[in-house]
Amino acid sequence: MEKLAGAAEEAQTILQDAESRREHAIKCSRNIIRETKRMIHMIHVSEDHEGSKKALLGLVSELTAQMGDDPLMKGLGPADDALAEYAEALILEAVAKEEEIPSFGDLGIGPGPWVLGLADCIGEMRRIVLTSLMAENVQRAVSMFSRMEEVFRIVMMFDTPDPILPIRRKQDIARGVMERTRTDITNAVMMSKIGTLKSL
């Protein structure tokens, strides 16, 4: 019985530690989501977001340290969501700067959150297209739409069961976003050509 009691005490210590780390990870995840929304907004309004990015990187480093490789910390929904939003923000930054899109290895996260972040970024890229069209910068809008198509093709490659990666719903949403944006671009280009002809 002494051995059993010792094992039970050790198990309790391990589980209590996991619970504490889990609670901290959930709190950290909320902070990451808050900071990613702030950074994405700053990118859209062309504000300096380096401070926000630095804070975000620190939070992600803290979260991943809490998670580690402990199987008791796997499948933590809020953490997975937070890392997907982190990926979305860093991918959007690269797109807005016309830089190469970072891989999941570059971001220091797993492939799942990275793919989900890619999918969500399509909606943010549409915002840039619409902002460009409103500013009558059709060339910028067309260029961004070309990047959207590139990202969309990658996102649609994944045919993964939802328990592994819940991507199907995001693929359906992305498909609708692409169709609406293609219509917006086509109409803008046609109006631009009509305006050019009228000015001749």
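This is a short tour of one helix pair and one ring pair.

Before you click around: the model is predicted, so local features need pLDDT of at least 70 and side-chain atom pairs count only at pLDDT 80 or more, while totals for chains, interfaces and linings use all residues. Numbering runs from 1 along each chain as its sequence is written, and side-chain values use heavy atoms, leaving out hydrogens and water.

**Stop 1: two helices**

Select residues 2-44, helix α1, and residues 50-67, helix α2. (Helices are DSSP runs of H or I with at least four residues, numbered from the N terminus.) Their axes, lines fitted to C-alpha atoms over the stretch in contact, sit 9 Å apart at an angle of about 155°. That makes α1 roughly antiparallel to α2 (the label applies to angles over 145 degrees).

Now show side chains at the contact, meaning heavy atoms within 4.5 Å. On α1, pick out residues including Arg21, Cys28, Ile32 and Met39; on α2, try Leu56, Leu59 and Leu63, among others. The residues of this contact divide into eleven nonpolar, six polar and five charged.

**Stop 2: the rings**

Which aromatic pair turns up in the whole structure? Just one is found: phenylalanine 104 and tryptophan 114, with ring centres 5.7 Å apart and planes at 65°, so they are edge-to-face (centres within 6.5 Å, planes over 60 degrees apart).

Colour helix α4 (residues 104-107), home of phenylalanine 104, and helix α5 (residues 111-134), which holds tryptophan 114; the pair ties together parts ten residues apart in sequence.

Finally, add a surface. Tryptophan 114 counts as buried at 15% relative accessibility, while phenylalanine 104 is partly exposed at 34% (buried is under 20% relative accessible area, exposed over 50%, partly exposed in between, with a 1.4 Å probe and protein chains only).

Conventions:
Axes are lines fitted to C-alpha atoms, for helices over the stretch in contact, and angles run from 0 to 180 degrees between N-to-C directions. Angles under 35 degrees count as roughly parallel, over 145 as roughly antiparallel, 65 to 115 as roughly perpendicular and the rest as oblique. Ala, Val, Leu, Ile, Met, Phe, Trp, Tyr, Cys and Pro count as nonpolar, Asp, Glu, Lys and Arg as charged, and the others, Gly among them, as polar. Rings of Phe, Tyr and Trp (its six-membered ring) pair if their centres lie within 6.5 Å; planes under 30 degrees apart count as stacked, over 60 as edge-to-face and the rest as tilted.
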